[in-house]
Amino acid sequence: MIYPWQTNDWQRLQQLRAHWPHALLLHGEAGIGKFRFAQHLAQGLLCETPAPNGEPCGTCAACRWFAQGNHPDYRVVLPEILAGLAIGGDGAADMPAEKADGEEGKKTRQPSKEVKIEQVRALLDFCTLGSHRGGARVVVVYPAEALNVAAANALLKTLEEPPAGVVFLMVSARIDRLLPTIVSRCRQWPMSVPNPADAQRWLAAQGVDDAAALLAEAGGAPLAALALASDEHRALRDFTLAQLASGPNCDAFACGENLQKVPVPVVLGWLQRWLYDVLAQHTAGRPRYFPGAAKALARCAQAADPAALAGYIRTVTRQRAVENHPLNARLVFEELFIAYRGIFAA
Ligand SMILES: [Zn+2]
């Protein structure tokens with residue numbers, strides 16, 4: 001099934017059916033359901049008795065294989081870290097920022113965030129074989145920005161000389177990170193972001209209470225909002241936002257103490273959204289992510305020294321570049337929150 005806000009995209013895409021492009025690039029914001037859409041589209045292309053609007057029937061042999069994750073003419077290419085999405089996952093979340101340590105202990109290699117050249121080579125083997133069922137063969141690559149350079153270059157050759165009957169569905173939230181040569185070989189398809197009312201209605205139907213606030217925090221992306229609703233760090237996020245709201249009185253050591261078990265990228269994400277909103281409040285008079293904290297944001301925007309704020313934002317951005325390195329989280333947080341207090345110095 002696709003999400004309700006994707007119906008229009010689905011219908012418009014069916015106009016391509018007569019001349020289906022060999023490579024389609026579905027792109028748009030993270031957290032709007034692009035991966036599920038691509039999977040459903042793949043099933044529709046493989047279905048042996050699809051409805052006139054391209055909907056897969058759900059009952060033919062192809063649809064049954066697809067649901068079980070073993071259709072012989074279908075491949076989904078994911079980085080190792082997203083392997084769990086291969087069957088039935090909905091791609092709701094962004095790429096997980098942190099791994100779980102494997103059972104074998106701390107030395108365990110972390111699952112790769114990249115799509116590697118070996119995966120693309122295996123795909124090329126699949127492309128040179130004929131179709132098992134005599135119909136289309138479909139490849140989903142998600143997220144396309146996870147292709148490392150070698151993998152992207154290997155794939156490029158195939159996109160330049162596409163094998164007959166193979167359809168590539170590339171899915172990306174960051175087409176700015178794709179090789180331009182890859183982008184130019186694909187038919188680009190921007191995916192719709194739902195309007196806030198529809199997204200809130202959908203979130204409410206999923207049992208989310210504070211749909212409006214979470215949707216704002218997720219930048220309007222409903223699946224990202226749904227992930228926030230069940231975020232295990234939610235209480236700590238609220239604690240952190242309260243500390244940030246207190247401006248120069250932010251208790252950096254309490255932050256270090258309480259947040260030390262939270263992955264660094266997660267905390268940096270909260271911090272970045274908060275700072276974005278301090279700026280937005282200052283320049284546009286309206287926050288984007290935390291409209292419920294408008295008053296505190298306005299106080300912070302008023303009290304902060306603009307140059308110090310700009311410098312601090314650069315510091316946080318630099319920290320993001322090394323966020324996946326094994327750092328002492330507690331020290332990182334203490335330093336960051338001490339520096340945060342510094343932006344309010346007279
Ligand atoms: Zn079917």
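Pro-143 sits in the loop that runs between strand β3 (137-141) and helix α5 (149-160). In this predicted model, the peptide bond leading from Tyr-142 into Pro-143 is cis, with omega near -15°. Most peptide bonds are trans.

The strand before this loop belongs to an open sheet. Five strands make up the sheet, in the order β2-β3-β4-β1-β5, and their pairing is parallel. At the edges are β2 (74-77) and β5 (187-190), each of which pairs on one side only. From one strand to the next, the twist averages 15°. Strands β2 and β3 run parallel and are joined by four bridges. Tyr-74 has Val-138 of β3 as its bridge partner.

The helix after the loop, α5, packs against helix α4 (residues 117-128) at an angle of about 15°, and the two axes are 8 Å apart. An angle under 35 degrees counts as roughly parallel, so α4 and α5 are roughly parallel to each other. Their crossing is right-handed. On the α4 side, the contact is made by Ile-117, Gln-119, Val-120, Arg-121, Leu-124 and Cys-127; α5 contributes Ala-150, Ala-151, Ala-154, Leu-155 and Thr-158. Sorted by class, the residues of this contact are eight nonpolar, two polar and one charged.

Helix α4 also connects this picture to the sheet. It lies across β2, β3 and β4 (166-172), and runs at about 165° to β2.

At the level of the whole chain, the protein is divided into domain 1 (4-190) and domain 2 (231-342). The centres of domain 1 and domain 2, taken over C-alpha atoms, are separated by 36 Å.

Conventions. Residues numbered from 1 in each chain as written. Predicted model: local features only at pLDDT ≥ 70, side-chain atom pairs only at ≥ 80, totals over all residues. Helix = DSSP H or I, 4+ residues; strand = E, 2+ residues; numbered from the N terminus. Domains from an automatic or database assignment. Axes fitted to C-alpha atoms, helices over the stretch in contact; angles between N-to-C directions. Parallel < 35°, antiparallel > 145°, perpendicular 65-115°, else oblique. Left-handed = near helix turned anticlockwise from the far one by under 90°. Contact = placed C-beta atoms within 7 Å. Nonpolar A, V, L, I, M, F, W, Y, C, P; charged D, E, K, R; others polar. Pairing = 2+ DSSP bridges.
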